[in-house]
Amino acid sequence: MTESSKFDALEVLSFRLGQEEYGISILKVQEIRGYDAVTRIANAPTFLKGVINLRGQIVPIIDMRIKFKLGKAEYDSFTVVIILNIGRHVIGMVVDSVSDVVTLEPGQVRAAPAMGGGIDAEHLLGLGTVGERMLILLDIERLLASPDMGLINAMAEAA
């Protein structure tokens with residue numbers, strides 16, 4: 001088996017935040033759940049909605065709309081939590097809706113331009129095109145491990 005690069009075919013779960021469509025590696029997704037109430041944590045960053053008990057495991061829930069500064073988060077019947085498995089850590093990510101799983105061939109992925117706002121270019125794998133759709137491909141592991149999120153390190157210290 002050869003070592004894969006980010007330019008090999010990539011299977012991504014596509015989801016929406018506001019008007020934009022994003023994609024993350026399907027290999028990081030454990031499950032998709034409807035949004036339920038969370039237990040809030042005092043003094044947590046605003047994007048950390050709280051925690052849930054998922055079959056005996058305490059899972060932090062982050063709201064990506066708040067994290068990326070995309071306006072006020074509205075919670076409705078389409079709002080879902082994508083449960084991610086990052087290394088040995090399980091983290092929930094609130095998104096507006098989930099679209100589908102898409103396989104991107106190397107020719108469908110372009111390098112990401114520098115973007116303003118809440119997304120650092122180092123947290124992007126690139127931009128994927130599927131017909132008329134444009135997916136912002138997130139390096140979710142790098143994003144969650146970034147110093148401003150601090151989730152992976154904080155969870156490792158708590159373990």
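1. A word on residue classes before we start: Ala, Val, Leu, Ile, Met, Phe, Trp, Tyr, Cys and Pro count here as nonpolar, Asp, Glu, Lys and Arg as charged, and the others, Gly among them, as polar. This is a predicted model, in which local features need pLDDT of at least 70 and side-chain atom pairs count only at pLDDT 80 or more, while totals for chains, interfaces and linings use all residues. Residues are numbered from 1 along each chain as its sequence is written, and side-chain values use heavy atoms, with hydrogens and water left out.

2. Let me begin with the cavity. One cavity of 30 Å³ or more is counted; a cavity is a set of points, on a 1 Å grid over the protein atoms alone, where a 1.4 Å probe fits but cannot get out, and lining residues have an atom within 4 Å of a point. The largest cavity holds about 40 Å³ of space, the volume being the space filled by probe spheres set on the points, with grid points joined across faces, edges and corners. Its lining divides into five nonpolar, one polar and four charged residues; among them are D63, R65, E74 and D96.

3. Now the overall layout. The chain has three helices and 11 strands, taken as DSSP runs numbered from the N terminus (helices H or I, at least four residues; strands E, at least two). In order from the N terminus, the elements read β-β-β-β-β-α-β-β-β-β-β-β-α-α.

4. You may like to trace the open sheet of six strands, ordered β8-β1-β2-β11-β10-β9 with mixed pairing. Strands β8 (97–104) and β9 (109–110) are at its edges with a single partner strand each, so one side of each has no neighbour in the sheet. Pairing here requires that DSSP finds at least two bridges between two strands.

5. Within that sheet, β2 (residues 20–25) and β11 (residues 133–138) pair in the parallel sense over three bridges, and Y22 stands opposite I136. Antiparallel pairing joins β10 to β11 through six bridges, with G126 and L137 as bridge partners. Strand β9 runs antiparallel to β10 (residues 124–130), joined by two bridges, and V109 is opposite G128. The hairpin of β10 and β11 has two residues between the strands, and G131 takes a positive phi near 60° there.

6. Two other backbone angles deserve a look. Most residues other than glycine have a negative phi. N43, in the loop between β3 (29–34) and β4, has a positive phi of about 60°, and R55, in the loop between β4 and β5 (57–63), has one of about 50°. N43 is exposed at 82% relative accessible area, and R55 is exposed at 63% (buried means under 20%, exposed over 50%, partly exposed in between; 1.4 Å probe, protein chains only).

7. Between those two loops sits β4 (residues 48–54), the strand that holds G50. G50 is buried, with 0% relative accessibility. Its C-alpha lies 5.9 Å from that of P60, 10 residues away in sequence. Leaving out residues up to four places away in sequence, G50 touches V38, T39, R40, I41, V59, P60 and I61, where contact means heavy atoms within 4.5 Å.

8. Finally, some totals. Buried residues make up 44% of the 159 in the chain. Of the contacts with a separation of 6 or more, 53% join residues 24 or more positions apart.

How values were computed: 1 Å grid on protein atoms, 1.4 Å probe; cavity = no way out; pocket = protein on both sides within 12 Å on 5 of 7 lines; lining within 4 Å.
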